[in-house]
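The exercises below ask you to read burial, packing and pairing from a model, and each is followed by a worked solution. Please try each task with the structure open before reading on.

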Amino acid sequence: MVVVGAGMAGVQTAVALREQGFTGPVTLIGAEPHQPYDRPPLSKAVLLGTADGSAFDVDFASLEIDLRLGCEALGVRPADHELDTAAGPVPYDVLVLATGAEPVRLPGTGQAPGVHLLRTLDDAERLRPVLAGQHDVVVVGAGWIGAEFATAAREAGCAVTVVEAADRPLAGALPAEVAAPMTAWYADAGVTLRTGARVAAVEPGAVVLDDGARLPSGAVVVGIGAHPATGWLAGSGIALGPHGDVLADDRLRTSAADVYAVGDCTSFPSARYAERLLVHHWDNALQGPRTVAADILGEEAAPYDPVPYFWSEQFGRFVQYAGHHAAADRTVWRGDPADPAWTVCWLREGRLVALLAVGRPRDLAQGRRLIEAGRVLDADALRDPALPLKQAVVE
């Protein structure tokens, strides 16, 4: 068994194989030289210097997992059952692709000094002195990672301006009426948010916008999205989707024999939502490996069709989301979005399909179970934030 990618999805796949009884050789290959680590702390404790790292608590030696770090994957030859790497070819009986996603770079800034991404441990280490020095920071992109970095930078005492091309934060993730209340969070935290603005150029000490405005900056942090890290699969014959995602089936098998894909680099068909999902979140990288290991070992397992889930800590708020709201036909609010805690629920034909909970973890926990069960809810009861969400179920 060869697993390429030593992030959450790859590590959990190797561990799941052992936990589910596989006793043969397992090789885990990672491009970075660091001991495999968890990514969420990078935008929080590691970035702020309150933690030195976030290595997984996994004893690879005792699990007899052959860990090969600093080894970049270059290609796959499915007909030969070989993975090409910078250290030479690696033969496999079964290969699992878990190479994750890579951040989208701001055009024209590839070699510009002072421009940062936040995806890897090295990225976080380069940004720590920026925050420690309390530099003026310009964040490009008001998505999840942009908001989390802005939060950390303000906590460190930096002056922060966030530049967003759309007319609101999280424009690509949430409907306008749901994202609109979040705009005030920036001002409340002392962050300047400039929407409808695009970066024209990055100069030493300044970011120039397309309207001619110049923003002072000691550092620029780009958070404008990510795409599957699958460019290295070119020529392999493994089928990719329009976003570069590996096209997997409901057991996370790819179009190539004996090759699986898991985590941020792959999409899968969801019967629950009647569409193919590409989920770039930690929970997906945690859950998928169990399905992969079970299928490899020939165990009976349910099709992979999780309720997507993620969380974000930003501007003193704990934001959680479960489900997929694209096909919803009704939106129900629980509480006032001007208050510290509130929830939005999305229904389709009366069934809960997604919810966003701000400071209401009980709503999230109950709602996630109701989505999984496909329960029908009473919309009028759902509107009462004092009523436990599960009590809105129509028996």
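A residue is called buried when its relative accessible area is under 20%, exposed when it is over 50%, and partly exposed in between, with a 1.4 Å probe and protein chains only. This is a predicted model, in which local features need pLDDT of at least 70 and side-chain atom pairs count only at pLDDT 80 or more, whereas totals for chains, interfaces and linings use all residues. Residues are numbered from 1 along each chain as its sequence is written, and side-chain values use heavy atoms, with hydrogens and water left out. Helices (H or I, at least four residues) and strands (E, at least two) are DSSP runs, numbered from the N terminus.

**Exercise 1. Place H281 and describe its surroundings.**

Task: Find where H281 lies, and decide whether it counts as buried, partly exposed or exposed.

Solution. Begin with the chain: H281 sits in the loop between β21 (275-278) and α7. Next take its accessibility, which is 23% in relative terms, so H281 counts as partly exposed. Then list its contacts (heavy atoms within 4.5 Å): leaving aside residues up to four places away in sequence, H281 touches D264, Y309 and F310. As a last step, compare with L209, which is 72 residues apart from H281 along the chain; their C-alpha atoms are separated by 31 Å.

**Exercise 2. Describe helix α7.**

Task: Work out how the span of α7 compares with the expected one, and which elements its buried residues pack against.

Solution. The expected span of a helix is 1.5 Å times one less than its number of residues. With 15 residues, α7 reaches 22 Å from its first C-alpha to its last, close to the 21 Å expected at 1.5 Å a residue. Turning to burial, 12 of the 15 residues of α7 are buried, and the helix is mostly covered; among them are D283, L286, V292 and I296. These buried residues pack against α1 (8-19), β7 (95-97), β19 (259-261), β20 (266-270), β22 and α8 (361-373). Beyond the helix comes G298, whose phi is positive, near 75°.

**Exercise 3. Classify two aromatic pairs.**

Task: Classify the ring pair of W282 and W311 and that of F310 and Y321.

Solution. Rings of Phe, Tyr and Trp (its six-membered ring) pair if their centres lie within 6.5 Å, and planes under 30 degrees apart count as stacked, over 60 as edge-to-face and the rest as tilted. The whole structure holds eight aromatic pairs. One of them joins W282 and W311, with 5.5 Å centre to centre and 80° between the planes, and is edge-to-face. W282 belongs to helix α7 (residues 282-296) and W311 to strand β22 (residues 309-314), so this pair ties together parts that are 29 residues apart in sequence. W282 is partly exposed at 29% relative accessibility, and W311 is partly exposed at 25%. By the same steps, F310 and Y321 are stacked, at 5.4 Å centre to centre and 25° between the planes. F310 lies in strand β22 and Y321 in strand β23 (residues 317-323), 11 residues apart. Here F310 is buried at 10% relative accessibility, and Y321 is buried at 8%. Ring pairs also link W144, F310, Y321 and W346 into a cluster.

**Exercise 4. Trace the pairing of β20.**

Task: Establish which strands pair with β20, and in which sense.

Solution. Two strands pair if DSSP finds at least two bridges between them. Strand β18 (residues 246-247) and β20 run parallel and are joined by two bridges, with L247 opposite S267. β20 and β21 pair in the antiparallel sense over four bridges, and here S267 stands opposite L278. β20 and β21 form a hairpin with four residues between them, and A274 in the turn has a positive phi of about 55°. Finally, four of the five residues of β20 are buried, so the strand is largely enclosed by the rest of the structure.

**Exercise 5. Find the buried face of α3.**

Task: Determine why the buried residues of α3 line one face.

Solution. Helix α3 (residues 121-132) buries L121, D123, A124, L127, R128, V130 and L131. Seen down the axis, these residues fall within an arc of 170° (taken from the directions from the helix axis to the C-beta atoms), so they line one face of the helix. What covers them includes α2 (45-48), β9 (115-116), β10 (137-140), α4 (144-155) and β16 (219-222).
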